[in-house]
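Subject: Structure handover

Hello,

Here is the structure for you to load. My notes on helix packing and pockets follow below it.

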Amino acid sequence: MKKRKEIAIYGKGGIGKSTTTSNISAALSDEGYQVLQIGCDPKSDSTNTLTKGESIPTVLDTVRSGKRVALEDIVYEGFNGVLCVEAGGPEPGVGCAGRGIITAVELLKQKKVFEEYSPDVVLYDVLGDVVCGGFAMPIREGIASQVYTVSSSDFMAIYAANNLFKGIQKYSKNGGALFSGIIANSINLPLHEEIIEDFSKNTKSTIAGFVPRSLTVTQAELGGTTTIESDPDSEQAEVYRKLAKKIFNNKEEYLPSPLESHELKAWAGSWSDKLINQSKEANCELECVARESAK
Ligand code: ADP
Ligand code: MG
């Protein structure tokens with residue numbers, strides 16, 4: 001049996017997990033790999049850009065419908081043969097979203113989805129900062145062997161990444177998955193890069209790649225596709241292809257060192273001071289220029 005790579009990609013809501021994951025899936029399928037992408041977010045839109053912008057039925061909705069679940073009711077073929085699954089979520093206001101992920105993944109195992117399709121790579125696109133055991137499942141149960149987080153340089157995204165590190169550390173004692181890198185998304189300024197590099201240095205973690213914020217992504221999303229599909233010759237598509245290769249071949253697996261709450265606060269405070277000083281210096285320069293030209 002061929003060895004499949006199982007990768008979980010975490011991050012706070014709206015940070016770019018599904019966009020990045022779908023582009024990685026599309027890029028790997030272009031390389032000839034069989035890819036299975038599993039959306040583990042009650043938003044259930046992980047695979048939309050692989051399926052022409054259409055939402056596929058979710059595992060939980062199918063289970064709830066009460067009929068016997070067949071593989072083709074829960075696994076859909078998207079761009080280039082990428083296999084798409086959406087775990088789904090509870091009915092709004094009822095039940096627990098994390099619990100839903102557990103039910104969905106258990107069902108996939110029961111239905112022998114992995115044996116049936118024998119994918120080279122399985123990508124779990126998971127919401128959350130691992131405050132809930134359900135979302136932690138791919139890590140906790142060692143289902144994913146490698147974990148990544150998508151983060152921008154915004155504090156809330158970094159806060160979620162730090163919480164993920166805490167989760168990985170906690171579950172590692174019982175055979176949980178290890179960390180393999182930060183995917184730095186929406187990085188357009190040297191400052192964004194500096195902030196995330198500094199966070200990674202302070203948490204003894206690595207950066208798997210930098211992805212700029214790009215209009216090609218917006219255009220592709222509005223057209224219901226990935227950038228890899230709609231704009232394969234763009235620089236952004238090249239960024240995703242490079243990232244996909246890096247992730248597929250990445251051997252790094254380690255325990256990051258999360259910051260304690262007070263350390264994270266102090267770290268954020270030091271960046272706040274740095275930014276205040278930078279803007280003071282910039283204002284000073286502007287005033288000097290204005291004074292010189294008034295002479
Ligand atoms: P998540 O899955 O983490 O909730 P999404 O992947 O759905 O987040 O992304 C949220 C929004 O941000 C989407 O509209 C997406 O197109 C946009 N986005 C994500 N990454 C980029 C990027 N690198 N450049 C431009 N837009 C992006
Ligand atoms: Mg998403």
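**Helix packing**

α8 and α12 lie roughly antiparallel to each other, because their crossing angle is over 145 degrees. This is a predicted model, so please read everything below in that light. The α8 helix covers residues 190-202 and the α12 helix covers residues 261-294. Their axes come within 12 Å and cross at roughly 155°. The crossing of this pair is right-handed.

Who makes the contact? From α8 come L191, E194, I195, D198, F199 and N202. From α12 come L264, W267, W271, L275 and Q278. By class, the contact of α8 with α12 counts seven nonpolar, two polar and two charged residues.

The second pair is α1 with α11. Here the axes come within 8 Å, and the crossing angle is roughly 80°. That value falls in the 65 to 115 range, so α1 is roughly perpendicular to α11. On the α1 side, the contact residues are T19, T20, N23, I24, A27 and L28. They meet Y240, R241, L243, A244, I247 and F248 of α11. Sorted by class, the contact of α1 with α11 has eight nonpolar, three polar and one charged residues.

**Pockets**

How much space lies in the largest pocket? The volume is about 640 Å³. Its lining has 33 residues, and the closest to the pocket centre are G14, G16, T19, V217 and E221. T19 also takes part in the contact of α1 with α11.

Which helices each supply at least two residues of that lining? They are α1 (17-30), α9 (215-222) and α11 (235-249). So the two helices of the perpendicular pair, α1 and α11, both appear in this list. By class, the lining of the largest pocket has six nonpolar, 21 polar and six charged residues.

The second largest pocket holds about 200 Å³ of space. Its lining includes K3, R4, K5, D120, S145 and Q146. F248, N249, N250, K251 and E253 line this pocket as well. One of these, F248, is also a contact residue of α11 against α1. By class, the second lining has one nonpolar, four polar and six charged residues.

For your set-up, these are the items to keep at hand: the α8 and α12 contact, the α1 and α11 contact, the largest pocket at about 640 Å³, and the second largest at about 200 Å³.

Best wishes

Definitions and conventions
Residues are numbered from 1 along each chain as its sequence is written. Chains are lettered from A and ligands numbered from 1 in the order in which they are written. This is a predicted model: local features need pLDDT of at least 70, side-chain atom pairs count only at pLDDT 80 or more; totals for chains, interfaces and linings use all residues. Side-chain values use heavy atoms; hydrogens and water are left out. On a 1 Å grid over the protein atoms alone, a cavity is a set of points where a 1.4 Å probe fits but cannot get out, and a pocket is an open set with protein on both sides within 12 Å along at least five of seven lines; lining residues have an atom within 4 Å of a point. Grid points are joined across faces, edges and corners, and a volume is the space filled by probe spheres set on the points. Helices (H or I, at least four residues) and strands (E, at least two) are DSSP runs, numbered from the N terminus. Ala, Val, Leu, Ile, Met, Phe, Trp, Tyr, Cys and Pro count as nonpolar, Asp, Glu, Lys and Arg as charged, and the others, Gly among them, as polar. Axes are lines fitted to C-alpha atoms, for helices over the stretch in contact, and angles run from 0 to 180 degrees between N-to-C directions. Angles under 35 degrees count as roughly parallel, over 145 as roughly antiparallel, 65 to 115 as roughly perpendicular and the rest as oblique. A crossing is left-handed if the near helix is turned anticlockwise from the far one by less than a right angle, and right-handed if clockwise. Contact means heavy atoms within 4.5 Å.
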